[in-house]
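Work through the exercises below with the chain open in your viewer. Try each task before you read its solution.

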Amino acid sequence: MTGSAPRGRTSAHTSKDESMAKITLKALSLRPPWADAVASGEKTAEIRSWTTDYRGDILICASQRDPNLSALENRLFVCGHAIAIATLFAIEPFTEKHRKAAAYEDDWEIEPKKYAWLFKDVVAIEPIPVKGKLHLFEVELDEEQIRQVSINDFDKYAFAHGLCITDEEFEKLSKGSARRGRTSEQL
């Protein structure tokens, strides 16, 4: 939906000037591969060591980079941008039942005192530059900045604006294997 918040979402704050409506959203930074997985719907739970009483709309932001990836591998993902809006509807102690939703590998041990943040109604958006922070933080945007897109259109937008590279480009640059499963023919 161009020019309005996705799915009739409302702002916590709107400016008095109707021509420049502002929307303030709670935001959460995730490492780029995990943020991408949330935006695509592959991941519906995030593991955190802390909890919050907040429930509601949350802006999913991809951090500047993932320190566990090489600089080239980081280029496979949109970094330093808000990429989705989701509804945080529950936070529960992390258990085996959350493993698949959190994209938590079978050989990874479930640590004590971790929480599963559960998302629903995830909407990919055209990437918006956002400087991430630790814990929950607030981001104020012009409402018209928030444009809902399909995940396929999200990829097209990100590639066209140089925000990330395709697996083909990665392969050419690294002489290695593709990581993400996206090719230009699929777009």
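**Exercise 1. State what share of the chain is buried, and describe its surface and contacts.**

Solution.
- Step 1. Of the 187 residues in the chain, 46% are buried. Buried means under 20% relative accessible area, exposed over 50%, and partly exposed in between, with a 1.4 Å probe and protein chains only.
- Step 2. The model is predicted: local features need pLDDT of at least 70, side-chain atom pairs count only at pLDDT 80 or more, and totals for chains, interfaces and linings use all residues. Residues are numbered from 1 along each chain as its sequence is written, and side-chain values use heavy atoms, with hydrogens and water left out.
- Step 3. The accessible surface is about 10000 Å² (Shrake-Rupley method, 1.4 Å probe; for residues, only the protein chains shown count as cover). Carbon and sulfur atoms hold 49% of that surface.
- Step 4. Take the contacts (heavy atoms within 4.5 Å) with a separation of 6 or more. Residues 24 or more positions apart supply 74% of them.

**Exercise 2. List the secondary structure and lay out the sheet.**

Solution.
- Step 1. Count four helices and six strands. These are DSSP runs, numbered from the N terminus: helices are H or I with at least four residues, strands are E with at least two.
- Step 2. Read from the N terminus: β-α-β-β-α-β-β-β-α-α.
- Step 3. Order the strands. The six form an open, mixed sheet, S2-S5-S4-S3-S1-S6. Two strands pair if DSSP finds at least two bridges between them.
- Step 4. Find the edges. Strand S2 (45–48) and strand S6 (137–142) each pair on one side only.
- Step 5. Check the twist. Neighbouring strands are turned by 45° against each other on average, direction ignored.
- Step 6. Inspect one pair. S1 and S6 run antiparallel over six bridges. Leucine 25 has valine 139 in S6 as its bridge partner.

**Exercise 3. Place helices H1 and H3 on the sheet, and trace the packing of H1.**

Solution.
- Step 1. H1 packs on the sheet and touches S1, S3, S4 and S5. Its direction makes about 135° with that of S3. Axes are lines fitted to C-alpha atoms, for helices over the stretch in contact, and angles run from 0 to 180 degrees between N-to-C directions.
- Step 2. H3 also packs on the sheet, touching S4 and S5, at about 45° to the direction of S5.
- Step 3. Look at the cover of H1 (residues 32–39). Seven of its eight residues are buried. Among them are Pro32, Pro33 and Val38.
- Step 4. Trace their packing. The partners of these buried residues include helix H2 (71–74) and helix H3 (151–160).
- Step 5. Step past the helix end. Just after H1, glycine 41 has a positive phi of about 85°.
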